[in-house]
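Please open the structure in your viewer and keep the sequence panel visible. The stops below say what to select next and what is there.

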Amino acid sequence: MPFSLTGKVVVITGAAGGIGSETARVCAGLGASLILADREDPLEIAGELRAAGASVQTCAFDVRDRKACEDFLQRVPRLDVIVANAGYCPWDDWNDPDWDDVFHETVDINALGVINLLRPGLDKMMQQRGGRMVLVSSVAGRMGGLRASPHYVIAKGGINALVKWLARKAAPYGITVNAVAPGATATNMVRDQVFDEQAIPLGRMASPREIALPIAFLCSDAASYICGTILDVNGGVYMN
Ligand SMILES: NC(=O)c1ccc[n+]([C@@H]2O[C@H](COP(=O)([O-])OP(=O)(O)OC[C@H]3O[C@@H](n4cnc5c(N)ncnc54)[C@H](O)[C@@H]3O)[C@@H](O)[C@H]2O)c1
């Protein structure tokens, strides 16, 4: 069963959020052992999945904290997959007086936060001679998004470039690096936003499950020859 995750240890950041918790559900359903991380322990989703029989550990750290990310990965005895999903999307205007501070916060979480995790993750996977990294990017990094501000667009565009750089570096060790780039998805992140659904060829936003399933696919052996790809999951808003 190449789509199975049985026997795999999967780390998911931002696991308390909409896409992260749904990814945890899908991966648990495919047999993975989960390590779920967020700024605070994602206890709710962990409890739900444990009650359904899954093996789940939780961890709390801020992805902006380089040392916390390194300590976390040091403590993990083995890991097969990292899903770098934690993200932050402020909807402010770049004319706002405090915008520069928000710029740094947004880039720190969405870009540096991913590096903080994947740098020690790569070392660990290189020692193991294998693994999968799945980054959660955005359609905003592909074509500017539907409503996103430039700090988020820059950070996610950077992630798309990072995928290719890291995929080349990791591939000789049997490690694949890919991203899913979602379009507008019904989670807390977009709670107060109104999207023009007519601008989406499929005519609606994604459900978190419609993003989680492609993420889980990239985590699995079924994606063993996919390397350095950004998988667009956006209802047709951006067609590569
Ligand atoms: N919802 C969308 O429309 C959409 C579209 C494209 C991409 N994305 C991306 O999908 C990913 C998941 O977003 P979501 O829609 O589930 O949003 P969400 O707000 O429901 O979840 C984001 C999670 O990231 C965590 N997080 C934020 N900052 C953190 C930090 N500094 N350290 C640790 N954890 C932190 C939050 O606590 C939260 O649980 C993000 O990377 C986001 O940019 C979302």
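Is Asp 92 buried or exposed? Select Asp 92 in this predicted model. Its relative accessible area is 17%, and the cut-off for buried is under 20%, so Asp 92 counts as buried.

**Stop 1: Asp 92 and His 151**

Asp 92 belongs to the loop that runs between β4 (81-84) and α4. Now add His 151, which is part of helix α6 (residues 150-170). The side chains of Asp 92 and His 151 are joined by a polar contact of 2.8 Å. His 151 has a relative accessible area of 0% and is therefore buried.

Which residues are in contact with His 151, leaving aside its neighbours within four places in sequence? Select Pro 90, Asp 92, Trp 99, Val 102, Phe 103, Thr 106 and Val 107 to show them. Asp 92, with neighbours within four places in sequence again left aside, is in contact with Trp 99, Val 102, Ser 149 and His 151. Trp 99 and Val 102 therefore appear in the contacts of His 151 and in those of Asp 92.

Draw a distance between the C-alpha atoms of Asp 92 and Ser 149: they are 6.7 Å apart in space, with their positions 57 residues apart in sequence.

**Stop 2: the ligand**

Select the ligand next; it sits in the largest pocket. Two elements give two or more residues to the shell around the ligand: α1 (18-29) and α6. How many residues surround the ligand? There are 27, and the closest are Asp 38, Asn 85, Tyr 152, Thr 185 and Thr 187.

Three distances can be drawn here.

- From Ile 19, a backbone N or O atom lies 2.8 Å from an oxygen atom of the ligand.
- From Asp 62, a polar side-chain atom lies 2.8 Å from a nitrogen atom of the ligand.
- From Thr 187, a polar side-chain atom lies 2.6 Å from an oxygen atom of the ligand.

On its own the ligand has 830 Å² of accessible area, and the protein covers 91% of that.

**Stop 3: Thr 23 in helix α1**

Stay with Ile 19 and add Thr 23, a residue of helix α1. A polar atom of the Thr 23 side chain lies 2.7 Å from the backbone oxygen of Ile 19. Thr 23 is at 0% relative accessibility, so it counts as buried. Leaving aside neighbours within four places in sequence, the residues in contact with Thr 23 are Ile 12, Ala 212 and Ile 215.

**Stop 4: Phe 3**

Go to Phe 3, in the segment before β1 (9-12). The relative accessible area of Phe 3 is 44%, which means that it is partly exposed. Where are its contacts, leaving aside neighbours within four places in sequence? Select Leu 30, Phe 217, Ser 220 and Ala 222. For a separation across the model, draw a line from the C-alpha atom of Phe 3 to that of Gly 203: these residues are 200 apart along the chain, and the atoms are separated by 29 Å.

**Stop 5: Arg 129**

Select Arg 129, in the loop between α4 (99-128) and β5 (131-136). Arg 129 has a relative accessible area of 56% and is therefore exposed. Check its backbone as well. Most residues other than glycine have a negative phi. Arg 129 is not a glycine, yet its phi is positive, at about 60°.

**Stop 6: Gly 144**

Gly 144 is in the loop between α5 (140-143) and α6. Is Gly 144 buried or partly exposed? With a relative accessible area of 30%, it is partly exposed. Not counting residues up to four places away in sequence, Gly 144 touches Val 139 and Val 153. Add Tyr 238: Gly 144 and Tyr 238 are 94 residues apart in sequence, and 9.9 Å apart in space from C-alpha to C-alpha.

**Stop 7: Arg 168**

Finish in helix α6, where Arg 168 is placed. His 151 is found in helix α6 too. Arg 168 counts as exposed, at 68% relative accessibility, whereas His 151 is buried at 0%. One last line can be drawn from C-alpha to C-alpha between Arg 168 and Asn 234, which are 66 residues apart in sequence and 26 Å apart in space.

Methods: Residues numbered from 1 in each chain as written. Predicted model: local features only at pLDDT ≥ 70, side-chain atom pairs only at ≥ 80, totals over all residues. Heavy atoms only, no water. Helix = DSSP H or I, 4+ residues; strand = E, 2+ residues; numbered from the N terminus. Buried < 20%, exposed > 50% of the residue type's maximum accessible area, 1.4 Å probe, protein only. Contact = heavy atoms within 4.5 Å. Near = heavy atom within 4 Å. Polar contact = N/O pair within 3.5 Å; in protein donor to acceptor, adjacent residues only side chain to side chain. Areas by Shrake-Rupley, 256 points an atom, 1.4 Å probe, with all protein chains shown as cover. 1 Å grid on protein atoms, 1.4 Å probe; cavity = no way out; pocket = protein on both sides within 12 Å on 5 of 7 lines; lining within 4 Å. Sits in = over half its atoms within 2 Å of the grid points.
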